[in-house]
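User: Please take a close look at one strand of this protein and at its surroundings, and set out the findings in one connected account.

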Amino acid sequence: MDKCFLKAWHKVEYLQQPACFEMKLSQCAQRSYFVLFSVSSVFLYFCGKVLELLSKAVNECGIKTIAPNRSQGFEVALSGAPYRTFLGNPATEKTAASSLLLYCLPTSVTEYLGFASEASLVRSKILSFTDEPLVVAIFDPTTNAFVGGSAADILATISGSSSKNNFAAASLGALAQLDALAAAQLGSSGRSDVVIVVGAGGREHAIAVALAQSPLISKIICCPGNGGTAVEGGKISNAEGVNGKQDNGTVISLVKRVGAHMVVVGPEAPLVDGLVDELK
């Protein structure tokens, strides 16, 4: 199963939907900023390189607008220290030569497949071969770097003093690598894991929904689950025959009965009772 996906499951209830930003060109022909992220908006508050790029794009290149589609995090983060960047500042006299589409690479194949439409949009913009003044760039959170060049190179391209082809080629290469990883997992692995989520609260419901996005998981059984998980449908269902229990003996018996590949423990009580130790 995708290790990156498994590392993130216990934080899912605290994360907002991945941030996706839609480009909107204003009627006065000022260039907007098109930013497409496939990671949680929480990421924006910790990624200094991306925020610094956005701030300079506004202050130095004449970018006028950041139009969020799923998250409002960008404008809030940019207005705070140390960036102090305010959109629509009348003191900004420049107008950018190009708009920018900035895509953050997913950190797992599961995330990539779950938001494949975003990558398709990026790819279609690169391959459109039109005269549209649009720069496509990609940020890789695993290396904390932009693909194909530096932030300064991106700013130069937005300003029209550098060619956008280098970033386009690098972006296509990065997407091709993700396609290869996805093909390897979906085509040859044949994984179809059964996962048990221990707990009966909203937190466990959120975990189950997040896990259901993985193409490597075929079934998610909540033990004991709640009314929400009972009607969620799809891969998610409540355990049968547990009578509302989630003690160690009940969970271990269920693991053996359904042949579970992984157990996700939500509540603190089973952890205190040593469930993980007994499962080992």
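**Strand β8 and its neighbours**

Analyst: Cys222 in β8 has Asn238 of β9 standing opposite. β8 and β9 (residues 236–238) run parallel and are joined by three bridges; two strands count as paired if DSSP finds at least two bridges between them. From β8 the chain passes through α9 to β9 in a right-handed β-α-β crossover. Right-handed here means that, with the strands pointing away from the viewer, the path from the first strand over the helix to the second runs clockwise. Helices (H or I, at least four residues) and strands (E, at least two) are DSSP runs, numbered from the N terminus.

The model is a predicted one, in which local features need pLDDT of at least 70 and side-chain atom pairs count only at pLDDT 80 or more, while totals for chains, interfaces and linings use all residues. Residues are numbered from 1 along each chain as its sequence is written, and side-chain values use heavy atoms, with hydrogens and water left out.

β8 also pairs with strand β7 (residues 193–199): the two run parallel, with seven bridges between them. Within this pairing, Val194 stands opposite Lys219 of β8. The chain reaches β8 from β7 by way of helix α8 (residues 202–211), and this β-α-β crossover is likewise right-handed.

As for accessibility, six of the eight residues of β8 are buried, so the strand is mostly covered. Buried means under 20% relative accessible area, exposed over 50%, and partly exposed in between, with a 1.4 Å probe and protein chains only. In the protein as a whole, buried residues make up 45% of the 280 residues.

After the strand comes Asn226, which lies in the loop between β8 (217–224) and α9 (227–232). Asn226 counts as buried because its relative accessibility is 19%. Apart from neighbours within four places in sequence, Asn226 is in contact (heavy atoms within 4.5 Å) with Ala200, Gly201, Gly202, His205 and Asn238. Of these partners, Asn238 is the β9 residue that stands opposite Cys222, while the range of α8, residues 202–211, takes in Gly202 and His205.

The wider setting can be stated briefly. The secondary structure of the protein comes to twelve helices and ten strands. Among contacts in the protein with a separation of 6 or more, 69% are between residues 24 or more positions apart.
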